[in-house]
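Could you walk me through this model in my viewer? I would like to know what to select next and what is there.

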Amino acid sequence: MTVGIGVYIVANQGWYPLVIVNSNLISARTWTKQADAAARYYTTALNSQQLSTESRQEIDRATLDKMIENVLIYGELQNKSGDADKMVSDKVATLNLDKNKVGVASNMLYGL
């Protein structure tokens, strides 16, 4: 019974692997959060109450596709440079972005 409850909790919370790309895990929970953010953005951008089923399915598909692509790009960047995190933070630092403004902008765009 404990195993059954454990499986239910894992499945309910989305803590299971949806896709494994180059030994990197993309969980259902992470994908759902990303797809929901994209759907909120498009709903706001289109000034609509709700997206059609076809539109939502396309957003879900495109989100998963982009997440897989990002894992592949990050992996290749790690292979070439060795320290992708430092390389990205150096590039972002050259933009002189105010962290508060970035937070406000992402809230306005994505509702995050």
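Start by selecting N47, which is exposed in this predicted model, with a relative accessible area of 72%. Since the cut-off for exposed is over 50%, the label follows directly from that value. Now bring in the neighbouring elements: N47 sits in the loop that runs between α2 (28–45) and α3 (53–81). Then check the backbone. The phi of N47 is positive, about 50°, although N47 is not a glycine. That deserves a pause, because most residues other than glycine have a negative phi.

Next, select N22. Where does N22 lie? Look in the loop between β1 (17–21) and β2 (24–27). Here too the backbone is worth a look: phi of N22 is near 50°, a positive value in a residue that is not glycine. Is N22 buried or exposed? N22 is exposed, and its relative accessible area is 53%.

For the last stop, turn to the aromatic rings. How many aromatic pairs does a search of the whole structure find? The search finds 1. To see the pair, select Y41 and Y42 and show their side chains: the rings meet edge-to-face, with 5.2 Å from centre to centre and 75° between the planes. Planes over 60 degrees apart count as edge-to-face, so the 75° angle gives this pair its label.

Finally, switch on a surface and colour these two tyrosines. Y41 is partly exposed, at 27% relative accessibility. Y42 is partly exposed as well, at 41%.

Note on methods:
Residues are numbered from 1 along each chain as its sequence is written. This is a predicted model: local features need pLDDT of at least 70, side-chain atom pairs count only at pLDDT 80 or more; totals for chains, interfaces and linings use all residues. Side-chain values use heavy atoms; hydrogens and water are left out. Helices (H or I, at least four residues) and strands (E, at least two) are DSSP runs, numbered from the N terminus. Buried means under 20% relative accessible area, exposed over 50%, partly exposed in between (1.4 Å probe, protein chains only). Rings of Phe, Tyr and Trp (its six-membered ring) pair if their centres lie within 6.5 Å; planes under 30 degrees apart count as stacked, over 60 as edge-to-face and the rest as tilted.
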